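Here are a few exercises to work through with the viewer open. Try each task before you read its solution.

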Amino acid sequence: MNWVDDRIHVHQYLKVAELNENGQDNEFYRRVFLYINSLPSIEDSNFTNLFSGKKSTDIILSLDDNQVIQDEFLGARVDWVNKVERFDHGGVCNRSFLLRIKKKDKRRTLRPYLQHIHTVSDDIEQRRSELKLFINNGPSENPVNGRWRSVPFTHHSTLDTIAMDADLKNKVKSDLENFIKSQNYYHKMGRAWKRNYLLYGPSGTGKSSFIGAMANFLNYDVYDIDLSRVSDDSDLKLLLLQTSSRSLIVIEDLDRLINEKLTTTTLSGLLNFMDGIVNSCCGDEKIMVFTMNSKEQIDPAMLRPGRIDVHIHFPFCDFNSFKYLANNYLGVKEHKLFPQVEEIFHSGATMSPAAIGELMIVNRSSPSRALKSVITALQSNGTEGKIGGKGKRLSDSASSPAEETGGANWKDSVPGAKEVRKLYGLLRLKSCKSPSSFDHDSGMIER
Ligand SMILES: Nc1ncnc2c1ncn2[C@@H]1O[C@H](COP(=O)(O)OP(=O)(O)OP(=O)(O)O)[C@@H](O)[C@H]1O
Ligand SMILES: [Mg+2]
């Protein structure tokens with residue numbers, strides 16, 4: 001019977017209306033709009049509109065009213081009509097996209113085709129949107145515009161520019177990729193669709209840069225929470241509620257904030273925040289990132305599995321990271337001074353990637369000079385490492401030298417070449433700590 005029917009009515013039509021029956025926007029209409037206008041065949045359509053895009057050089061093509069565009073998927077040809085019905089009175093019109101598909105193809109291709117439209121439109125949206133960095137206002141500041149103000153996010157760090165153990169970097173990449181594909185899994189488990197990362201290690205080892213790299217990798221906006229501008233637990237909840245999906249929510253220097261009592265939020269307020277309780281109802285995709293210099297004096301409840309899903313250690317430089325930096329900053333893959341540098345690293349001397357990077361930047365016109373200055377800095381072991389700092393830190397009393405920082409905050413001033421070592425204060429003769437490590441709670445990883 002179906003066969004006879006198919007012979008008579010070869011095509012089937014599916015309508016995607018702009019508004020649903022309640023007069024609300026139909027999300028799928030917007031997706032189809034993005035998809036259709038991205039098709040190469042739009043250039044062959046009889047009538048196409050041209051608009052300028054965000055950049056002055058961008059030109060965007062858009063299918064005109066009641067025009068047809070063709071597409072092909074899994075060997076099946078389909079047509080889309082941009083249907084617009086205008087009513088004379090009041091200029092009201094009905095808009096829809098009409099899909100024409102052969103019945104014989106429909107059963108095989110329709111579902112994957114609609115899924116394909118979803119994926120492509122997602123991708124277009126992500127590429128189009130400019131990333132933003134949101135910073136929270138204090139509760140009494142600018143309440144009219146909400147608690148967040150935003151600036152364009154222009155951090156240029158990428159996972160490629162970070163010197164880090166290659167295996168670890170790949171693990172982080174696949175962990176992030178797995179997470180963003182796992183909505184159903186999280187929902188099935190009745191959990192908030194969020195993943196919490198802890199980046200810990202001494203000052204100048206790349207934690208903040210790594211957050212920038214994560215945001216660029218995921219194409220996520222960043223919400224940087226300044227806890228000192230949060231009045232209490234409910235204020236923190238409110239801030240979380242006002243963040244959007246697909247974002248990185250960041251609290252930096254959490255150990256210092258807690259240990260120096262720089263926040264008025266309570267431990268339980270912070271724990272609820274980390275659990276994303278207020279958001280679990282909305283199916284929002286969120287990644288939270290916390291940074292610390294050391295986790296030694298932190299309440300274990302805060303670090304327990306499920307609350308922090310992935311711990312990533314950022315250590316001082318070893319010879320491999322040094323080579324990575326030399327390549328990035330100086331364009332040098334091999335150099336006659338490398339064996340000497342390697343020997344010094346093997347003797348236990350080390351510095352932060354930030355300090356080494358600065359020496360390379362200021363001497364970038366001469367790689368030999370840059371490497372010699374790194375060698376000199378590495379050789380002059382001593383007590384400078386304890387000079388300066390972001391105030392007394394938890395890590396100042398840490399037993400492991402690799403966990404100690406005591407370094408000045410690099411953000412406080414722009415250092416000159418000679419001041420670099422003193423400012424960062426990160427030179428260490430140390431019992432070289434293990435390379436960056438990645439621990440996640442066995443129970444949480446969905447593989
Ligand atoms: N692992 C790294 N790879 C590449 N560059 C690095 C690395 N670590 C630090 N840097 C460079 O040093 C500078 C300071 O690094 P960053 O601010 O990311 O360190 P941090 O660990 O966040 O320090 P702090 O604990 O003081 O906030 C950055 O501009 C970055 O370019
Ligand atoms: Mg930082």
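A crossing of two helices is called right-handed if the near helix is turned clockwise from the far one by less than a right angle, and left-handed if anticlockwise. Helices (H or I, at least four residues) and strands (E, at least two) are DSSP runs, numbered from the N terminus. This is a predicted model, in which local features need pLDDT of at least 70 and side-chain atom pairs count only at pLDDT 80 or more, while totals for chains, interfaces and linings use all residues. Residues are numbered from 1 along each chain as its sequence is written, chains are lettered from A and ligands numbered from 1 in the order in which they are written, and side-chain values use heavy atoms, with hydrogens and water left out.

**Exercise 1. Describe how α13 packs against α14 and α11.**

Step 1: start with α13 and helix α14 (residues 367-379). Their axes come within 8 Å and cross at roughly 145°; axes are lines fitted to C-alpha atoms, for helices over the stretch in contact, and angles run from 0 to 180 degrees between N-to-C directions. The crossing is right-handed.

Step 2: list the contacts (heavy atoms within 4.5 Å). From α13, I356, L359 and M360 meet A370, L371, S373, V374 and A377 of α14. By class, this contact has 7 nonpolar residues, 1 polar and no charged ones. Here Ala, Val, Leu, Ile, Met, Phe, Trp, Tyr, Cys and Pro count as nonpolar, Asp, Glu, Lys and Arg as charged, and the others, Gly among them, as polar.

Step 3: turn to helix α11 (residues 319-330), whose axis comes within 10 Å of that of α13 (residues 353-362) and crosses it at roughly 35°. This crossing is right-handed too. F322, L325, A326, Y329 and L330 in α11 meet P353, I356, G357, M360 and I361 in α13.

**Exercise 2. Which residues of α7 are buried, and what covers them?**

Step 1: apply the cut-offs. Buried means under 20% relative accessible area, exposed over 50%, and partly exposed in between (1.4 Å probe, protein chains only). In helix α7 (residues 233-241), D235, L236, L239 and L240 are buried.

Step 2: find their side of the helix. They lie on the same side of α7 because they cover an arc of only 140° around the axis, taken from the directions from the helix axis to the C-beta atoms.

Step 3: look at the cover, which includes β7 (132-136), β8 (148-152), β11, α9 (267-275) and β12.

**Exercise 3. Is S244 buried or partly exposed, and what does S244 touch?**

Step 1: S244 sits in the loop between α7 and β11. Its relative accessibility is 29%, so S244 counts as partly exposed.

Step 2: leaving out residues up to four places away in sequence, S244 touches D221, Y223 and K286. The C-alpha atoms of S244 and E285 are 8.6 Å apart, although 41 residues separate them in sequence.

**Exercise 4. How many residues does the largest nonpolar core have?**

Step 1: a nonpolar core is a set of buried Ala, Val, Leu, Ile, Met, Phe, Trp, Tyr and Cys residues joined through side-chain atoms within 4.5 Å. The largest has 28 residues, and Y197, F210, L248, I287, V289 and I312 have the most contacts inside it.

Step 2: among the elements that give two or more residues to this core are α4 (166-180) and β9 (194-200). Its largest share, 6 residues, comes from α6.
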